[in-house]
Amino acid sequence: MTRSRAQDMNVCGVTAAIAVIDGKWKTALLWLLESGPQRPGELRRRLPGLSEKVLTQALREMEADGLVHREVHDVLPLKTVYSLTPFGRELSEALGPVSDWGHRRLEKLAEARSAS
């Protein structure tokens, strides 16, 4: 899905929502930021395999979409902290039932594997 779909007024609401969380890392970042503000280094440590470049890109897109707030503290070295905006928290809460469904699906898959 392209970034332009996130702003296309002629798509259904589900498509518009998925467009802002599309990608490998955004839902995980939302999940981590639910627990409170985090520095980029903390996010990278908690998500092995996430490169600094991809993290920066995802956070910038999420900021542009109004999901996260970036705060730079004027200390040396500069300290950057990311947190969910109220809009981002609302999306995270809306994804709760989807997460529950996903866990139920994984349980069914595990049951089917153990039965065979």
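**Figure 1. Lining of the largest pocket in the predicted model**. Fourteen residues, given as 14 in the computed lining, surround the largest pocket. Ala16, Ala17, Ile18, Val20 and Leu91 lie nearest its centre. Two elements, H1 and helix H5 (86-94), each give two or more residues to this lining. H1 provides the largest share, six residues. By class, the lining has 12 nonpolar and two charged residues, with no polar ones. The space in this pocket is about 300 Å³. Rolling a probe the size of a water molecule over the atoms shows where empty space is left.

**Figure 2. The largest nonpolar core**. This core holds 20 residues. Leu29, Leu43, Leu47 and Val68 touch the most other members. Helix H1 (13-21), helix H2 (26-33), H4 and strand S2 (79-84) are the elements that give two or more residues to the core. The largest share comes from H2, with five residues. In soluble globular proteins, nonpolar side chains tend to be buried together.

**Figure 3. Helix H2 and its cover**. H2 is largely enclosed by the rest of the structure, because six of its eight residues are buried. The buried residues are Lys26, Ala28, Leu29, Leu30, Leu32 and Leu33. A lysine, Lys26, is thus listed among the buried residues of this helix. Their cover includes helices H1, H3, H4 and H5. Strands S1 and S2 are also part of that cover.

**Figure 4. Surroundings of Val68**. Neighbours within four places in sequence are left aside here. Val68 is then in contact with Leu33, Leu59, Met62 and Glu63, among others. The remaining contacts of Val68 are Tyr82, Ser83, Leu84 and Thr85. Val68 is also one of the core residues that touch the most other members.

**Figure 5. Leu50 in its loop**. Leu50 sits in the loop between helix H3 (40-46) and helix H4 (52-64). Leu50 counts as buried because its relative accessibility is 4%, and the cut-off is under 20%. Residues up to four places away in sequence are not counted as contacts in this view. Leu50 touches Trp25, Leu29, Arg44 and Leu55. Of these, Leu29 is also among the core residues that touch the most other members. Trp25 is 25 residues from Leu50 in sequence. In space, the C-alpha atoms of Leu50 and Trp25 are 7.7 Å apart.

**Figure 6. The cis peptide bond at Pro77**. The peptide bond from Leu76 to Pro77 is cis. Its omega is near -10°. Most residues other than glycine have a negative phi, and most peptide bonds are trans. Pro77 lies in the loop between strand S1 (68-73) and S2.

**Figure 7. The whole chain, for orientation**. The protein has six helices and two strands. From the N terminus on, the order is α-α-α-α-β-β-α-α. The C-alpha trace spans about 60 × 35 × 25 Å along its principal axes. Of the 116 residues, 30% count as buried. Among contacts with a separation of 6 or more, 41% join residues 24 or more positions apart. The accessible surface comes to about 8100 Å². Carbon and sulfur atoms account for 55% of that surface.

Key. Residues are numbered from 1 along each chain as its sequence is written. This is a predicted model: local features need pLDDT of at least 70, side-chain atom pairs count only at pLDDT 80 or more; totals for chains, interfaces and linings use all residues. Side-chain values use heavy atoms; hydrogens and water are left out. Helices (H or I, at least four residues) and strands (E, at least two) are DSSP runs, numbered from the N terminus. Buried means under 20% relative accessible area, exposed over 50%, partly exposed in between (1.4 Å probe, protein chains only). Contact means heavy atoms within 4.5 Å. A nonpolar core is a set of buried Ala, Val, Leu, Ile, Met, Phe, Trp, Tyr and Cys residues joined through side-chain atoms within 4.5 Å. On a 1 Å grid over the protein atoms alone, a cavity is a set of points where a 1.4 Å probe fits but cannot get out, and a pocket is an open set with protein on both sides within 12 Å along at least five of seven lines; lining residues have an atom within 4 Å of a point. Grid points are joined across faces, edges and corners, and a volume is the space filled by probe spheres set on the points. Ala, Val, Leu, Ile, Met, Phe, Trp, Tyr, Cys and Pro count as nonpolar, Asp, Glu, Lys and Arg as charged, and the others, Gly among them, as polar. Accessible areas come from the Shrake-Rupley method with a 1.4 Å probe; for residues, only the protein chains shown count as cover.
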